[in-house]
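Here is a short report for a reader meeting this structure for the first time. Keep the 3D view open while reading.

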Amino acid sequence: MATVSVIDELKKAQILELLEQGKRLDGRALDEPREIKIEINAIPKANGSARVHLGDTDVLCGVKIQPDRPFPDVGDKGMFMCTAELLPLSHPTVETGPPRDDVIELARVVDRGIRESHMVDVSQLVIEKDKSVVGVFADVVAIDYDGNYFDACSYAATAALLTSKTPTWEMVDDQPTVVEGGEKQLPTSTIPVSVTMGKIGNHIVVDPNGDEWASMDCRVTITTDSDGHIVALQKGGSDGFTQDEINECGDLSIKVGAKIREQLKLAQQESQ
Amino acid sequence: MGGRDATMVLLDENGIRCDGRKIDEPRKIVIKAGGLKNADGSAYIEFGDNKILVGVFGPRDVHPKHMSNTDTGILRVRYHMEPFSVGERKRPAPSRREIEISKVIKEALEPAVMLEKFPRTAVDVFIEVLQADGGTRCAALTAASVALADAGIPMRDMVAAIASGKVADTIVLDVNNEEDQAGQADMPIGYMPSLKKITLLQLDGVLTPEEYKKCVDVGVKGCEVVYELQKKALHDKYFGNRSN
């Protein structure tokens, strides 16, 4: 949300003043994300789904798994794609029509975090090499907004993928055909977790809420995997970070991400 | 271009990379300030086999008017690749990738440009990638900074950019196209060396926490090298012995 109102300007002063004392408007510690609520299988018609509340930010992801033609140069791999969209009912500034650059960035950052972690093992998603592969599509829609769409969308997509069930197909008369009773868990490996941090003045805050999002100078989203490795990063916003700040954000993303990963694992276990 | 040779050695036993460079050696970089007659400022960069042209217009009236801001000027950036710039023809319409890169380059330049001096106006930066060979966003950002300076727009610093990455388990500077395709990680960095601020940072690929910090460090040091070439380009145009 790029719009800034007079209220935002006033709030920014207040947010900064509090941060000088090590405090945040909603009482959180600087490195503390908001409460995350994960509802698995919110859409039973999807192969996997999750509704995630990150504070008051509310997103829904549905996973659809279906046979598709492979990309010509990678016939030995299935497809994975993640999209993200802001629904017009989520905020007064969201308009219908083609996505703006901020939404395109959101979708690409969420996709990149999961893709680069190799969470979805696309080599296992081949029905017949060069002819037919399995496509896994994780589509995330934002329903309500209070800052940090990036992480909410990422958790929803990850939770939905972790709990997705896929049919099995075999080629019959050159057509991919569902095998009766062949439903199984979607093969996934690591659990990617994105952590977005905003810079306000000289302070780094984890998981900025709507007010903080409107006040921050710049942000960075860092995705880590289950091994504690950093797999993707995106800086955004109209200011810069020092090298020390970027190193600090890297450490924070690993620390905070580890806790959130436990929550995603729990959601996965509870769904089984 | 786009060639993926399975037998290619990314890093040999002597620490030499597939194109003959050492691990901390950037490709050949040539930057020329100016060159376009009609633009207010321009620059051309050859960064290895990348060839990129940047034109800057403004500060000028904003169209459409509703985009203008009474507090500050706005920066608009379009990063665009020619259909013939890559191996397989690229559709001319802006792709989602180009829209994202336009946004990250814009946000990398904003901290450098003193837009608050020009309320209600726009500065337009048009980046045309004529030939691409890995690392175009960094080369484009580097050239865009020079073009903005060439346009005489007040700036706090120039943004220099280069990518670091991980190739054959080694952190290297300036990832080329082959290394990007076959390597393990690619981290484009844009940095304002005088202000010591990182204004563009992206990563894809797997890095340990130590490798991550090393990658940032290698990239920042690389940017300092690029920065000298940016200054030289401006110096050559405005103070140098020009042969043309």
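In this predicted model, the axes of helix α2 (residues 101–116) of chain A and helix α3(A) come within 10 Å. They cross at roughly 45°. An angle from 35 to 65 degrees falls outside the parallel and perpendicular ranges, so α2(A) and α3(A) are oblique to each other. The crossing of α2(A) past α3(A) is right-handed.

Both helices bring several residues to this contact. From α2(A) come Leu106(A), Val109(A), Val110(A), Gly113(A) and Ile114(A). From α3(A) come Tyr149(A), Phe150(A), Cys153(A), Ser154(A), Ala157(A) and Thr158(A). By class, eight of the contact residues are nonpolar and three are polar, with no charged residue.

**The nonpolar core**

Helix α3(A) also matters for the next topic. The largest nonpolar core has 144 residues. Among those with the most contacts inside this core are Cys153(A) and Ala156(A), together with Ala143(B) and Ile189(B). Helix α3 (residues 149–162) of chain A gives the core its largest share, eleven residues. In soluble globular proteins, nonpolar side chains tend to be buried together.

Which residues does Cys153(A) touch, leaving aside those up to four places away in sequence? They are Val59(A), Ala84(A), Leu106(A), Val110(A), Val140(A) and Ala142(A). Leu106(A) and Val110(A) belong to the α2(A) side of the helix contact.

**Where the chains meet**

Chain B places 27 residues in contact with 28 residues of chain A. On the chain B side, α1 (96–109), β9 (197–207) and α4 (209–238) each supply at least two residues. Strand β9(B) gives the largest share, eleven residues. The table splits the side of chain B that touches chain A by class.

| Class, side of chain B touching chain A | Count |
|---|---|
| Nonpolar | 13 residues |
| Polar | five residues |
| Charged | nine residues |

**A residue in strand β1**

Now turn to Glu39(A). This residue sits in strand β1 (residues 36–40) of chain A. Is Glu39(A) buried or partly exposed? Glu39(A) has 15 C-beta neighbours inside 10 Å, so it counts as partly exposed. Beyond residues up to four places away in sequence, Glu39(A) touches Ala50(A) and Arg51(A). Cys218(A) lies 179 residues from Glu39(A) in sequence. In space, the two are 31 Å apart, C-alpha to C-alpha.

Technical notes:
Residues are numbered from 1 along each chain as its sequence is written. Chains are lettered from A and ligands numbered from 1 in the order in which they are written. This is a predicted model: local features need pLDDT of at least 70, side-chain atom pairs count only at pLDDT 80 or more; totals for chains, interfaces and linings use all residues. A nonpolar core is a set of buried Ala, Val, Leu, Ile, Met, Phe, Trp, Tyr and Cys residues joined through C-beta atoms within 7 Å. A residue is buried if 20 or more other C-beta atoms lie within 10 Å of its own, exposed if 12 or fewer, and partly exposed in between; C-beta atoms are placed from the backbone. Helices (H or I, at least four residues) and strands (E, at least two) are DSSP runs, numbered from the N terminus. Two residues are in contact if their C-beta atoms, placed from the backbone, lie within 7 Å. Axes are lines fitted to C-alpha atoms, for helices over the stretch in contact, and angles run from 0 to 180 degrees between N-to-C directions. Angles under 35 degrees count as roughly parallel, over 145 as roughly antiparallel, 65 to 115 as roughly perpendicular and the rest as oblique. A crossing is left-handed if the near helix is turned anticlockwise from the far one by less than a right angle, and right-handed if clockwise. Ala, Val, Leu, Ile, Met, Phe, Trp, Tyr, Cys and Pro count as nonpolar, Asp, Glu, Lys and Arg as charged, and the others, Gly among them, as polar.
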